[in-house]
Number of protein chains: 2
Amino acid sequence: MPDEFLLDEQACFALYAASRAVTDTYRPLLGELGLTYPQYLVLLVLWESDARPVKEIGEALHLDYGTLSPLLKRLEANGLLTRARLPEDERTVVISLTEEGRTMRTRASAVPSAIGCALGLDDASRRELITTLRRLTASATAYSLGGFDAQP
Amino acid sequence: MPDEFLLDEQACFALYAASRAVTDTYRPLLGELGLTYPQYLVLLVLWESDARPVKEIGEALHLDYGTLSPLLKRLEANGLLTRARLPEDERTVVISLTEEGRTMRTRASAVPSAIGCALGLDDASRRELITTLRRLTASATAYSLGGFDAQP
DNA sequence: CGCGAATACCTTGTGCACGATGTAATCGTG
DNA sequence: CACGATTACATCGTGCACAAGGTATTCGCG
């Protein structure tokens, strides 16, 4: 049987390398807009539906407050969004796009197709890859939460 | 046509999320050994072939000196490897495993199978995923290097 | 109503990841 | 052999990513 420690046999490393390679592809495109990839992801979430609490953004992106809080602060400092406490629940901070945040969507309109072109995936294999990766994410997440001996 | 900005349609986000989910799965396993995932990757490279220059490790993992230098320094501080200048070329730093670094391979022997189990991929789909991700990495890398107007 | 638990968020500390810059050693070429 | 270019590596600054710990607000239940 093959050596289980061989780097080339590991899907995890291929995943790790691919993820960074894709982010590298985004970097120059987003850099012109003054964005990083995680910041762009937050905007994607808000472009889909604006004025959402931090919690929802975190759930959509699988990111915790420790990552989001400073990231949202930087986006606020750059004038793309605002933060406001909900009057009916002062614990909740609602994130809303500014006008500049909304127009950024137009400025970024060329990004998805440019990336799609760079990755060279046709529509079918893209969907298949997404399916495989979702299954893998779910499987890994369940395992991380449950450990060796899961309990309800 | 579907909105190109939809998060759910983006292979890149699925990739980004999956990569972090997998790293999360490694964390508790490697944590018991006092390792992080990138540190584990460096050990994988050295277990395959010991006493290699920093440059080669970087090429194997697609990591630059800015990432590797401090990472290797931490592994050295933890007693897993040593750094030594090559006498015939004083620019080159050769990384060699210590005895502790070699025995770590035995201590980590359960890791690959545990991860394999957690991801729930059979051998065939694992290989197929690796192939897809390699193609994607190559495509993204070529695009990043070449940009819109590549020149030799 | 009172009060302990839960919720939503923030902050701090550590460790990647990458760009930019710096330095010493080596190479290549005239 | 001299000297500019290249190579191998280190350092610094910024921005994630996550764990751990903290605060203020709200909820639930007796």
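This report walks through how two protein chains meet two DNA strands in a predicted model, and then looks at one pair of helices.

## The surface near DNA strand D

Let's start with DNA strand D, which is surrounded by 28 residues. The closest of them are Thr36(A) and Arg74(A) from chain A, along with Tyr16(B), Ser69(B) and Val93(B) from chain B. Of the atoms of DNA strand D that come within 4 Å of the protein, 80% belong to sugar and phosphate. By class, the residues of this surface are eight nonpolar, seven polar and 13 charged.

Some contacts with the phosphates can be picked out one by one. Glu90(A) places a backbone N or O atom 3.0 Å from a phosphate oxygen of DNA strand D, and Val54(B) does so at 3.5 Å. Arg20(B) uses its side chain instead, with a polar atom 3.2 Å from a phosphate oxygen of the strand. Several elements give two or more residues to this surface: in chain A they are α2 (37-48), α4 (65-77) and β3 (89-97), and in chain B they are α1 (11-31), α3 (54-61), α4 (65-77) and β3 (89-97).

## The surface near DNA strand C

Now turn to DNA strand C, which has 27 residues around it. Here the closest are Tyr16(A), Tyr65(A) and Ser69(A), together with Thr36(B) and Arg74(B). Sugar or phosphate makes up 79% of the atoms of DNA strand C within 4 Å of the protein, and bases make up the rest. The surface near this strand holds eight nonpolar, seven polar and 12 charged residues.

Which elements each supply at least two residues of the surface near DNA strand C? Chain A offers α1 (11-31), α3 (54-61), α4 and β3, while chain B offers α2 (37-48), α4 and β3. Among the individual contacts, the side chain of Thr36(B) has an N or O atom 2.6 Å from a phosphate oxygen of the strand. The side chain of Arg83(A) brings an N or O atom to 2.8 Å from a phosphate oxygen. For Val93(A), a backbone N or O atom lies 2.8 Å from a phosphate oxygen of DNA strand C.

## Two helices of chain A

Finally, a look at α2(A) and α4(A), whose axes come within 11 Å and cross at roughly 80°. The two helices are therefore roughly perpendicular to each other.

Where they touch, Pro38(A), Gln39(A) and Val42(A) of α2(A) meet Leu68(A), Leu71(A), Leu72(A), Arg74(A) and Leu75(A) of α4(A). The residues of this contact are six nonpolar, one polar and one charged. Arg74(A), part of this contact, is also one of the closest residues to DNA strand D.

Definitions and conventions
Residues numbered from 1 in each chain as written. Chains lettered and ligands numbered in written order. Predicted model: local features only at pLDDT ≥ 70, side-chain atom pairs only at ≥ 80, totals over all residues. Heavy atoms only, no water. Near = heavy atom within 4 Å. Polar contact = N/O pair within 3.5 Å; in protein donor to acceptor, adjacent residues only side chain to side chain. Helix = DSSP H or I, 4+ residues; strand = E, 2+ residues; numbered from the N terminus. Nonpolar A, V, L, I, M, F, W, Y, C, P; charged D, E, K, R; others polar. Axes fitted to C-alpha atoms, helices over the stretch in contact; angles between N-to-C directions. Parallel < 35°, antiparallel > 145°, perpendicular 65-115°, else oblique. Contact = heavy atoms within 4.5 Å.
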